[in-house]
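Colleague: I have a predicted model open here, and I would like your help with a close look at one spot. Could you take your time over it and then walk me outward to the side-chain pairings elsewhere?

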Amino acid sequence: MNFKKILVLLVTGVSISSLGIAGCTPTQQDLEAGIQPSTLTGQTETETPSATTPTTQPQERPGDVPYVPTPQPVVDAMLQVAKVGKNDVLYDLGSGDGRIVNTAAQKFGTRGVGIDINPERIKEANDNAQKAGVTDRVKFVQQDLFTTDFSEATVVTLYLLPEVNAKLRPKLLKELKPGSRIVSHAFDMGDWKPQQTLNVEGKTIYYWVVPEQVPANLR
């Protein structure tokens, strides 16, 4: 487009911006007149992510345990011994592919939160929640277990290691309300003796209830 044509257009009241010339911004008069700028500006447009799209961030530090999924029969037994229901809030620490949280939501209507430090596991858990149709009842948070607030939970599930359980124990007993239930696959909590121990397909499950008064040696 040469200068003479542009001059003619300006004289006749046609806005350059309405012609879709790259780098030109529509004026207030254009917008009021209902003239929309062309989308063909020669610039690459990016799609704005949905507000509900789960986000992850780089892993802040190595995980405390290797990722090993809990077998589904053990998941089912953990949820049964804890008697989870629709009024519970379940926190799964080291939630991996999300199977404990998703199973609880699908079978019992339980609201759940999965905590994992690994962004790949968070993505996998969210994908599995979509497939299970439980995204309205669960969420997965990429976070460090030792900085997570557990106070909302009524049930906590774990499949960690003895030393990690021992390190988490004072925090769990401090933040969880009396009567909250804790279920661990494979590993106990040292001096805190379980109220129940189960064996499912060769795997051990430990079950505790947070007491009204926490003994000094467990704090």
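Does T70 count as buried or exposed? Please start there and carry on to the rings and the charges.

Modeller: Happy to! T70 counts as buried, because its relative accessibility is 6%, and the cut-off for that word is under 20%. As for its place in the chain, T70 is part of the loop that runs between α2 (28–32) and α3 (72–81). If we set aside the neighbours within four places in sequence, the residues in contact with T70 are V75, M78, R99, Y159 and H185.

One of those contacts, R99, is a good way into the charged groups. The side chain of R99 meets that of D97 in a salt bridge, with 2.7 Å from N to O. The two partners differ in burial class: R99 is partly exposed because its relative accessibility is 26%, whereas D97, with a relative accessible area of 10%, is buried. So if you centre your view on T70, R99 is in contact with T70 and is also paired with D97.

The structure has seven salt bridges in total, and two others deserve a look. D88 and R181 form one of them, and their closest N and O atoms are 2.8 Å apart. This pair links distant parts of the chain, 93 residues apart: D88 is in the loop between α3 and β1 (89–93), while R181 is in strand β5. D88 counts as buried at 9% relative accessibility, and R181 counts as buried at 14%.

The other one joins E152 and R111, at 3.8 Å from N to O. Here E152 comes from the loop between β3 (138–142) and β4 (155–158) and R111 from strand β2 (residues 111–116), so the salt bridge ties together parts that are 41 residues apart in sequence. Both ends are partly exposed: E152 has a relative accessibility of 40%, and R111 has 39%.

Now for the rings. A search of the whole structure turns up two aromatic pairs. In one of them, the ring centres of W192 and W208 are 5.7 Å apart and the planes make an angle of 35°, so this pair is tilted. It links distant parts of the chain, with W192 in the loop between β5 (181–185) and β6 (196–200) and W208 in strand β7 (residues 203–209), 16 residues apart. W192 counts as buried at 8% relative accessibility, and W208 is buried with a relative accessible area of 0%. In the other pair, the rings of Y206 and W208 have centres 6.1 Å apart and planes at 25°, so the pair is stacked. Y206 is buried too, with a relative accessible area of 16%. Since W208 takes part in both pairs, the ring pairs link W192, Y206 and W208 into a cluster.

Two lysines also make use of aromatic rings. The charged end of K167 sits over the ring of F146, at 4.4 Å from the ring centre. Likewise, the charged end of K171 sits over the ring of F150, at 4.9 Å from the centre.

To come back to where you began: T70 is a buried residue in the loop between α2 and α3, and through its contact with R99 you can step straight to the salt bridge of R99 with D97.

Key: Residues numbered from 1 in each chain as written. Predicted model: local features only at pLDDT ≥ 70, side-chain atom pairs only at ≥ 80, totals over all residues. Heavy atoms only, no water. Helix = DSSP H or I, 4+ residues; strand = E, 2+ residues; numbered from the N terminus. Buried < 20%, exposed > 50% of the residue type's maximum accessible area, 1.4 Å probe, protein only. Contact = heavy atoms within 4.5 Å. Phe/Tyr/Trp six-rings, centres within 6.5 Å; stacked < 30°, edge-to-face > 60°. Lys NZ or Arg CZ within 6 Å of the ring centre and 35° of its normal. Salt bridge = Lys/Arg side-chain N within 4 Å of Asp/Glu carboxyl O.
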